[in-house]
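The following note sets out several points on helix packing and sheet architecture for your consideration. Please read it alongside the coordinates.

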Amino acid sequence: MALLLSRSDVQQLLSMDETIRVVEEAFRQFALGNVIMPQRTVIRVEDYHGLHLGMPAYIGGEMDALGLKVVTVYPENPTKKQLPTIIGTLLLNDPTTGAPLAVMDAGYLTAMRTGAVSGVATKYLARRDARKVGLFGAGVQARTQLWATCTVRDIKSAVVYDVDSEACQAYAKEMTGHLDIPVSPVDDPRSAVEGMDVIVAASSATEPVFDGNWLEPGQHINGIGSHSPKARELDTTTIVRAKVVPDWTEACLVEAGDLMIPLDEGAINKEDIHADLGEVVAGFKPGRENDEEITLFKSVGLAIQDASTASLVYRKAREVGLGVEFAF
Ligand SMILES: NC(=O)c1ccc[n+]([C@@H]2O[C@H](COP(=O)([O-])OP(=O)(O)OC[C@H]3O[C@@H](n4cnc5c(N)ncnc54)[C@H](O)[C@@H]3O)[C@@H](O)[C@H]2O)c1
């Protein structure tokens, strides 16, 4: 029998620290060569300004997780349809037989695993004494981004900038309550960069959200929003000034305008990209090496994050007896 798990089931089962732990292990297995993960399929549904992504992965080693997420990205959903930008469904298979173990909602799961990978990156790349976070975008992802950052560093305060000031106010109020730190809305992008230790770009913007000349030594940036060749949240100056760690260089070089545009301009070479996150996690390449360098994690989102998180959800659901059993 397979398990059917709703968004609320997934929400009850996932904690941020456990999600960070399994995502970190997935990246370690990736660097060790124990992952099979093709590039994701991308269907651009131009008529409706949407994206449909097919994301399969097998993670070997002790994790032994096999899954496929289908996720859609419709940026106009929140304003035009009262639906989230990201909607996802995940199929988890038994790696020993191929039989389906579970079908689960992957909207909340996506937000958790995207927050978690930034948590992993922040752990290896941000200064240990990081206390202040500046966020761009006050949407779904920005919530788990701040939660994850607070899980790996002793964050004392945060500020958030969004072009939608109502969204910004609502985010600040909700996250202040959730994380028990002051989270304040700011009305100019510069205030979300200057004096911050960690900067998070988690918006639906397609043009750079801040000027890389505003960056200060020692800052760490998590760039998670854009994942199309012609869109970017980070400008060329940011990429040139930072030590760049992608989730997976191969994926970023076909999807991330943040890196592809500076490469096309000749502002950086492929050799300037420091390492993939997994190589840093596995200890093959260094993370942050001093308090002065500017570090940047660029994420387009990988299927190993989904398979590892779904496997955790499934294990916990079986332990506590959550979800609906059904036979196909
Ligand atoms: N890297 C990954 O693994 C990953 C995973 C999920 C989503 N995403 C991407 O992250 C982005 C955000 O997703 P979401 O689910 O939070 O969307 P969302 O619609 O809930 O929130 C996006 C927010 O960005 C704001 N925004 C737009 N332009 C801005 C600008 N110039 N400056 C500041 N804020 C701006 C919007 O007003 C909105 O509040 C999307 O592009 C999505 O595709 C990436």
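1. In this predicted model, helix α2 (residues 16-31) packs against helix α5 (residues 140-152) at an angle of about 85°, and their axes lie 10 Å apart. Angles of 65 to 115 degrees count as roughly perpendicular, and α2 and α5 are therefore roughly perpendicular to each other.

2. Which residues form the contact between α2 and α5? On the α2 side they are Met 16, Asp 17 and Ile 20, which meet Trp 147, Ala 148, Thr 151 and Val 152 of α5. Sorted by class, this contact comprises five nonpolar residues, one polar residue and one charged residue.

3. The model also contains an open sheet of seven strands, paired in parallel and ordered β10-β9-β8-β11-β12-β14-β13. Its edges are formed by β10 (183-185) and β13 (243-246), each of which pairs on one side only. On average, and with direction ignored, neighbouring strands of this sheet are turned by 20° against each other.

4. At the β10 edge, strand β9 (residues 157-161) runs parallel to β10 and is joined to β10 by three bridges. Within this pair, Val 160 of the β9 segment is found opposite Pro 185 in β10.

5. Helix α5 also packs on the sheet, where α5 touches β8 (132-136), β9, β11 (198-201) and β12 (220-223). The direction of α5 makes about 165° with that of β8.

6. A further helix, α6 (residues 165-179), lies across β9 and β10. Relative to β10, α6 runs at about 170°. Angles over 145 degrees count as roughly antiparallel.

How values were computed. Residues are numbered from 1 along each chain as its sequence is written. This is a predicted model: local features need pLDDT of at least 70, side-chain atom pairs count only at pLDDT 80 or more; totals for chains, interfaces and linings use all residues. Axes are lines fitted to C-alpha atoms, for helices over the stretch in contact, and angles run from 0 to 180 degrees between N-to-C directions. Helices (H or I, at least four residues) and strands (E, at least two) are DSSP runs, numbered from the N terminus. Angles under 35 degrees count as roughly parallel, over 145 as roughly antiparallel, 65 to 115 as roughly perpendicular and the rest as oblique. Two residues are in contact if their C-beta atoms, placed from the backbone, lie within 7 Å. Ala, Val, Leu, Ile, Met, Phe, Trp, Tyr, Cys and Pro count as nonpolar, Asp, Glu, Lys and Arg as charged, and the others, Gly among them, as polar. Two strands pair if DSSP finds at least two bridges between them.
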